[in-house]
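Trainee: I'd like a close look at one part of this chain. Please start from a single residue and work outward.

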Amino acid sequence: MPVEAKASGVSPIDRTRVKELTERELARLAERTPRSRERYERAVRVMPKGVPSSFQENDPWPIYVERGEGSRVWDVDGNEYVDFHNGFGVMCIGHANPVVGAAVKARVDAGTHFAAPTDGSIAVAEELSRRFGLPQWRFTNSGTESTMDAVHLARGATGRDVILKIEGSYHGHHDAVMVSVYPPLEALGDRDDPVSVPYGAGYPRALTELTRAVPFNDAEALAAVLAKLEGRVAGLIMEPAMMNINIVPPLEGYLERVRELTAEHGVKLIFDEVKTGATIAYGGATARFGVKPDMVTLAKAVCGGYPGGAIGMTEEIARLVADGTVHQYGTFNGNPLVMAAAEATLTRVLTQDAYPRLEAANESLKAACQEIIDRYRLPAYTEGMGAKGCVVFAGERMREYRDYLTKVDGELSTLAWVYHMNRGIFMTPGVEEEWTLSIAHTDADIERYASAFEAFARDLVAA
Ligand SMILES: Cc1ncc(COP(=O)(O)O)c(C=O)c1O
């Protein structure tokens with residue numbers, strides 16, 4: 001029987017057992033979701049994989065959701081779940097939030113789209129300036145658009161073409177950032193000079209070459225690349241804490257050094273706060289880590305469940321937009337409905353005092369999971385901040401993407417996911433994700449998560 005122990009003091013993991021449990025639990029999930037299967041069979045005739053976005057696909061089929069309220073969602077089979085997926089980290093306000101709902105309903109009655117500015121966009125831009133300390137803002141319709149515009153602005157501001165990004169990070173699906181997103185181990189190249197690997201087909205090679213990857217948490221590697229590409233790099237786009245390979249926080253002093261280096265080389269620093277912006281602190285990662293970038297990109301939780309995004313920028317960069325040097329456009333930018341949702345979300349729901357509460361709930365969930373990890377001696381640890389957290393199935397802490405590829409146990413991540421789903425915990429499918437808490441999550445919800453996780457741990461290490 002293939003049994004292995006990754007580190008001393010850790011329970012041996014029986015791979016045959018992992019396989020059997022995974023098969024058993026996937027069969028149980030299939031039994032519990034026959035109507036999702038029906039929806040899937042219908043949907044796949046008109047949508048590839050039966051889903052509107054490939055991030056929603058899932059085996060054996062996607063779970064089609066009917067409705068949500070507070071911390072709960074119900075699927076089309078009537079199964080009730082506590083939602084820790086929260087729409088990929090968007091629904092920090094809880095589902096069907098009445099405050100945001102009332103603001104949106106009022107806006108519906110007053111007209112939803114003019115392609116002319118409304119008071120809502122001014123109020124949201126003012127609030128974002130207060131939170132992130134960047135003076136000027138523009139709006140978009142998604143995280144992809146926010147990072148795309150930020151890349152254009154960095155190029156426009158510097159007259160340079162090369163963009164640096166962090167190896168193993170996702171910033172949306174436009175050409176400049178669909179490079180070295182989840183490159184396979186054998187394609188990575190040297191750590192000091194990683195290969196630019198296109199993420200899928202459809203991206204011209206000539207553009208891929210303009211994006212270069214550097215490892216996270218290694219300022220010296222960045223310094224070397226900046227020296228090598230002196231005068232060619234327009235911007236560095238990065239998540240201040242990586243949140244698409246589970247969660248990897250920045251090491252002490254790393255972001256400060258990145259700020260110094262980018263300033264020294266005339267490179268615009270873009271913090272992609274699409275995930276962290278409204279979830280890990282009132283002023284996002286920018287405030288939490290105390291390092292100020294030239295631009296911040298936002299989307300997801302800032303608009304309270306509506307499709308919007310924003311870019312914050314310095315006065316210097318804003319001038320390029322104002323004088324027409326860089327074109328920043330969009331029919332739906334600052335859409336009144338989205339702005340009504342964002343204003344209510346930011347000024348009435350996710351207010352300053354929401355963040356200590358999210359943090360406390362997250363700490364108690366992390367502590368409950370860590371206690372189970374310790375008791376069952378699992379090769380895992382907990383990570384997280386603000387409303388976001390995860391169990392990382394690795395025997396030691398990750399610092400960067402190469403650790404994720406070599407240390408994280410994808411089989412255990414998948415097994416934990418299906419255990420949760422079968423025990424009323426709605427979680428993001430995929431090895432790389434994390435949970436997001438909302439203001440509606442209660443202590444009982446957290447206990448329910450811990451109890452599903454304990455069922456997984458108990459069955460996994462049972463003799
Ligand atoms: C860090 C980050 N940036 C950008 C995006 C793209 O956002 P969207 O899916 O709204 O286009 C994502 C999406 O998950 C993300 O995680």
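Which residues does Val291 touch, not counting residues up to four places away in sequence?

Mentor: Val291 touches Leu255, Glu256, Arg259, Phe271 and Thr286, with sequence neighbours up to four places away left out. Contact here means heavy atoms within 4.5 Å. A word on the model first. It is predicted, so local features need pLDDT of at least 70 and side-chain atom pairs count only at pLDDT 80 or more, while totals for chains, interfaces and linings use all residues. Residues are numbered from 1 along each chain as its sequence is written, and side-chain values use heavy atoms, without hydrogens and water.

Now the setting. Val291 sits in the loop between α10 (284-289) and β13 (295-298). Helices (H or I, at least four residues) and strands (E, at least two) are DSSP runs, numbered from the N terminus. Val291 counts as buried because its relative accessibility is 5%. The scale: buried is under 20% relative accessible area, exposed is over 50%, and partly exposed lies in between (1.4 Å probe, protein chains only). For a long-range reference, take Pro98. Val291 and Pro98 are 193 residues apart in sequence, and their C-alpha atoms are 35 Å apart in space.

Step outward through two of those contacts. Leu255 and Phe271 are also touched by Met238. Beyond four places in sequence, Met238 further touches Ile166, His171, Phe216, Tyr254, Val258, Leu269, Ile270 and Asp272. Met238 is, with Leu128, Phe453 and Phe456, among the residues that touch the most other members of the largest nonpolar core, which has 115 residues. Such a core is a set of buried Ala, Val, Leu, Ile, Met, Phe, Trp, Tyr and Cys residues joined through side-chain atoms within 4.5 Å. A second core of 18 residues is separate; Met313, Leu320, Val321 and Val326 are among its members.

Follow Phe216 next. Met238 touches Phe216, and Glu400 touches Phe216 too. Glu400's other contacts beyond four places in sequence are Glu167, Arg191, Pro215, Ile245 and Val248. Glu400 is another loop residue, set between β16 (388-392) and α14 (401-407). Glu400 counts as buried because its relative accessibility is 8%. Ala150 gives a second reference point. Glu400 and Ala150 are 250 residues apart along the chain, with 24 Å between their C-alpha atoms.

To retrace the path: Val291 touches Leu255 and Phe271, Met238 touches Leu255, Phe271 and Phe216, and Glu400 is in contact with Phe216.
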